[in-house]
Amino acid sequence: MEEVDKIIVGRYIVTLDESNRVISRGAIAIRDGIIVDVGEYEEIRRKYRAEEVIERGHHVIIPGLVDCHTHTQQYLLRSAISDKMLQLPPIWTKVLVPFERAMSSDLARLSSQASIVNMLKNGVTYFIEAGAPYPEVLAEEVVKSRIKGVVTYATYNIADEKVAESEEVLRRVRNLYERFGGKVRVWMSIRQVMMATEDLIESIIEMSKKYRVGLTLHLGEYQGEVDYTLARYGKRPLEYMLDKGVSGVEPVVIAHGLFLSPGEIELVKKHELGVCWCPTVDAWLTGLHWAGFTNIEGIRLGIGSDGGAWNRLDLLHEVKVAKALSKAMANAVLYFKAGLESTTLLNMATGSRGSVIGEKVGRVERGYAADLVVLNFKSTRTLPAHNPIDLVVNYLEGDDVTDVFIDGEPVVENGRVIVLDENKIAEELLNREDEVRSIIDELISRLKIV
Ligand SMILES: [Zn+2]
């Protein structure tokens with residue numbers, strides 16, 4: 001009998017392995033934070049001895065979810081952006097970025113903590129930050145909570161039609177990498193091609209290559225951006241970025257990517273770039289995503305929340321929105337009702353089984369990190385459960401998560417986060433509401449639409 005650290009037993013295990021195996025009454029053997037084996041309970045018990053056996057009889061176990069695009073420091077804008085304000089072209093230069101600039105570092109810490117607590121409760125074990133104004137604060141909270149988070153600095157030097165020198169921005173990026181590079185996943189980011197000068201874009205790509213870290217950027221996010229790069233550089237946004245050498249960076253994660261031409265979609269495939277669809281926010285702000293009705297075979301597609309300002313950071317909710325949107329698009333354009341099906345959607349919610357981020361996460365399989373989410377389905381809201389994958393994608397949400405493990409260690413137990421103080425964070429969110437409100441009121445007073 002082989003010794004392992006723990007065995008986790010579930011009514012169903014959705015492995016998302018190559019054959020998308022679902023194991024009834026399955027068990028997972030874990031040693032040193034890595035999955036050693038997965039199979040039927042009887043078989044695992046015969047082969048392994050563990051100090052700890054965790055039994056979850058009415059539960060389905062899935063791989064940890066990957067939020068491929070989020071803004072952990074926009075959380076405090078929750079419920080402050082009215083439906084009318086959404087019309088502002090574009091909302092990020094009018095509200096989101098100015099809010100980030102006006103916020104203090106301790107509010108950024110609260111925002112980071114609230115984001116992390118909600119991600120963990122919803123079974124998100126890995127996230128990619130699009131660019132935080134206070135990335136050091138976020139990095140500290142990532143270390144404390146043990147969530148796997150890609151930390152990046154809000155990297156831009158054009159805002160409010162003002163252009164700043166790129167040197168100061170690059171200094172901040174370098175400092176972040178030097179201070180936290182060994183402790184957390186520090187990547188590079190570019191806010192958007194319209195918010196960065198050419199020399200800044202070139203330097204960031206160069207730094208990604210030099211440090212051998214990933215790069216994330218908003219790209220093909222809205223129509224004005226396509227017009228901008230065509231008018232300025234004679235190329236569409238992705239064509240322009242490829243000219244600048246972005247394909248030499250590994251991995252690259254494009255946030256949104258709604259407005260890619262058929263040729264650019266081919267380039268995404270060819271260069272193995274990741275694309276992150278944010279179903280709720282993309283529908284609210286821009287429109288339909290081609291991922292919903294085109295052949296996505298071989299494309300590294302992920303799902304993102306776009307941050308807690310817009311939703312509950314619940315990727316199991318996002319897959320439901322994505323499914324409905326996909327069917328609506330495929331029906332309207334092609335009269336094709338199959339659209340994106342459950343297994344594909346669940347794969348997307350794990351960052352195409354980790355390939356978007358280039359790490360061994362997103363599968364319950366030997367050699368992968370033991371990042372696991374346990375969901376209870378013994379409820380009138382979810383039973384009966386004929387098909388475990390449809391059960392997860394169509395019926396279960398973040399509220400059904402009971403346990404979350406990162407590298408085999410618990411971070412959520414009985415639906416409660418055990419690595420951060422949830423009650424204290426909720427208390428502070430209440431206590432500081434007026435302070436946040438005054439920042440938002442000041443921003444809104446400068447807008448034409450309220
Ligand atoms: Zn974004």
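Is Asp 306 buried or exposed? Asp 306 has a relative accessible area of 6% and is buried, where buried means under 20% relative accessible area, exposed over 50% and partly exposed in between, with a 1.4 Å probe and protein chains only. The model is predicted, with local features requiring pLDDT of at least 70 and side-chain atom pairs counted only at pLDDT 80 or more, whereas totals for chains, interfaces and linings use all residues. Residues are numbered from 1 along each chain as its sequence is written, and side-chain values use heavy atoms, with hydrogens and water left out.

Asp 306 (OD) is one of the protein donors of the zinc ion, together with His 69 (NE2), His 71 (NE2) and His 218 (NE2), and these lie 2.1 to 2.5 Å from the ion. Donors are N, O and S atoms within 2.8 Å of the metal (3.2 Å for Na, K and Ca); water is not among the atoms, so sites may look incomplete. Along the chain, the donors have the spacing H-x1-H-x146-H-x87-D. His 218 belongs to strand E12 (residues 215–219) and Asp 306 to the loop between strand E15 (300–303) and helix H11 (315–334), so this pair ties together parts that are 88 residues apart in sequence. Helices (H or I, at least four residues) and strands (E, at least two) are DSSP runs, numbered from the N terminus. His 218 is also buried, at a relative accessible area of 5%.

The angles among the 4 donor atoms of the zinc ion run from 81 to 170°, and the site is irregular. Under the rule applied, four donors count as tetrahedral if all angles lie between 85 and 135 degrees; four count as square planar and six as octahedral if opposite donors are over 155 degrees apart and all others between 65 and 115; anything else is irregular. Ideal angles at a metal are 109.5 degrees for four tetrahedral donors.

Thr 70 is located in strand E5 (residues 65–70) and is buried, at 1% relative accessibility. Its side chain forms a polar contact with the side chain of Ser 305, at 3.3 Å. A polar contact is a pair of N or O atoms within 3.5 Å; within protein, one must be able to donate a hydrogen and the other to accept it, and residues adjacent in sequence count only if both atoms are side-chain atoms.

Open and enclosed spaces were identified on a 1 Å grid over the protein atoms alone: a cavity is a set of points where a 1.4 Å probe fits but cannot get out, and a pocket is an open set with protein on both sides within 12 Å along at least five of seven lines; lining residues have an atom within 4 Å of a point. Grid points are joined across faces, edges and corners, and a volume is the space filled by probe spheres set on the points.

The largest pocket holds about 660 Å³. Its lining comprises 24 residues, with Thr 93, Lys 94, Ala 159, Asp 160 and Glu 161 nearest the centre. At least two lining residues come from each of helix H2 (91–102), strand E8 (158–159) and helix H15 (433–445), and H2 gives the most, with 6 residues. The lining divides into 15 nonpolar, 2 polar and 7 charged residues, where Ala, Val, Leu, Ile, Met, Phe, Trp, Tyr, Cys and Pro count as nonpolar, Asp, Glu, Lys and Arg as charged, and the others, Gly among them, as polar.

The count of cavities of 30 Å³ or more is 2. The largest cavity has a volume of about 160 Å³ and is lined by 17 residues, of which Trp 92, Leu 96, His 218, Glu 221 and His 256 lie nearest its centre. H2 and helix H10 (279–285) are the elements that give two or more residues to this lining, which has 7 nonpolar, 6 polar and 4 charged residues. The second largest cavity, of about 50 Å³, is lined by Thr 93, Val 97, Pro 98, Arg 101, Ala 159 and Asp 160. H2 gives the most to the lining of the second largest cavity, with 4 residues.

Backbone exceptions complete the description. Most residues other than glycine have a negative phi, and most peptide bonds are trans. His 256, in strand E13, has a positive phi of about 75° and is buried, at 2% relative accessibility. Ser 79, in the loop between E5 and H2, has a phi near 65° and is exposed, at 73% relative accessibility. The peptide bond from Glu 250 to Pro 251 is cis, with omega near -10°; Pro 251 lies in the loop between helix H8 (237–243) and strand E13 (252–256). Leu 383 and Pro 384 are likewise joined by a cis peptide bond, with omega about 0°.
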